[in-house]
Amino acid sequence: MAEKEVKKGYTGFSNELVNDPIIKNSKAWTLFSYCLFKAYFDDKYGEAGTFTTTQIEMRKNLNWDNKTLKKFMEFLKIKVI
């Protein structure tokens, strides 16, 4: 596999992601990217790849109701695992 040039500040995606159910569903993608960008990637603030929040904070930040948040959290749980 050829190495790709990594440019700071950019995110690259493979072509296979186009058909991923998370990418195809805009609300699932919104929640996935919200979690991704909130996560810590060093252990300075906690375990790497984690973040701590509440559903109330997430609903406020995403401007979603409780039913929507829970629905798409469950969707991600099923699709990611």
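What is the mean pLDDT of the protein, and what share of its residues reach 70 or more? The model is a predicted one, and its mean pLDDT comes out at 81, with 78% of the residues at 70 or more. Broken down by element, helix α1, covering residues 21-24, has the lowest mean pLDDT at 86, while α3 has the highest at 93.

As for the overall layout, the protein is built from four helices and zero strands. Going along the sequence, that reads simply as α-α-α-α. Of the 81 residues, 16% count as buried. The protein exposes about 7100 Å², and carbon and sulfur atoms supply 54% of that area. Looking at contacts between residues at least 6 apart in sequence, 44% of them join residues at least 24 apart.

Next comes the inside of the fold. The largest nonpolar core has 10 residues, namely Ile 22, Ala 28, Leu 31, Tyr 34, Met 58, Leu 62, Trp 64, Leu 69, Phe 72 and Leu 76. Three helices each put at least two residues into this core: α2 (26-38), α3 (55-62) and α4 (66-80). Ile 22, one of the core residues, has a fair list of partners once residues up to four places away in sequence are set aside. Ile 22 touches Ala 28, Trp 29 and Phe 32, and also Phe 75, Leu 76, Lys 79 and Val 80.

How the helices pack is the next thing to look at. Two packed helices are described by the angle between their axes and the distance between those axes. For α2 and α4, the angle is about 80° and the axes are 10 Å apart. An angle of 65 to 115 degrees counts as roughly perpendicular, so α2 is roughly perpendicular to α4. On the α2 side, this contact is made by Lys 27, Ala 28, Leu 31 and Phe 32. The α4 side brings Thr 68, Leu 69, Phe 72, Met 73, Phe 75 and Leu 76.

The other pair to consider is α3 and α4, whose axes come within 10 Å and cross at roughly 105°. That angle makes α3 roughly perpendicular to α4 as well. Here Gln 55, Met 58, Arg 59 and Leu 62 of α3 meet Asn 66, Leu 69, Lys 70 and Met 73 of α4. Leu 69 and Met 73 thus appear in the contact of α4 with α2 and also in the contact of α4 with α3.

A few individual residues fill in the picture. Lys 70 sits in helix α4 and has a relative accessible area of 45%; buried means under 20% and exposed means over 50%, so Lys 70 counts as partly exposed. Its C-alpha lies 8.6 Å from that of Gln 55, and the two residues are 15 apart in sequence.

Leu 36 belongs to helix α2 and is also partly exposed, with a relative accessibility of 36%. Along the chain, Leu 36 and Phe 51 are 15 residues apart, and their C-alpha atoms are separated by 9.1 Å.

Finally, there is Asn 63, found in the loop between α3 and α4. Most residues other than glycine have a negative phi. Asn 63, however, has a phi near 60°, a positive value in a residue other than glycine. With a relative accessibility of 71%, Asn 63 counts as exposed.

Conventions:
Residues are numbered from 1 along each chain as its sequence is written. This is a predicted model: local features need pLDDT of at least 70, side-chain atom pairs count only at pLDDT 80 or more; totals for chains, interfaces and linings use all residues. Side-chain values use heavy atoms; hydrogens and water are left out. A nonpolar core is a set of buried Ala, Val, Leu, Ile, Met, Phe, Trp, Tyr and Cys residues joined through side-chain atoms within 4.5 Å. Buried means under 20% relative accessible area, exposed over 50%, partly exposed in between (1.4 Å probe, protein chains only). Contact means heavy atoms within 4.5 Å. pLDDT is the predictor's confidence in each residue, from 0 to 100. Accessible areas come from the Shrake-Rupley method with a 1.4 Å probe; for residues, only the protein chains shown count as cover. Axes are lines fitted to C-alpha atoms, for helices over the stretch in contact, and angles run from 0 to 180 degrees between N-to-C directions. Angles under 35 degrees count as roughly parallel, over 145 as roughly antiparallel, 65 to 115 as roughly perpendicular and the rest as oblique.
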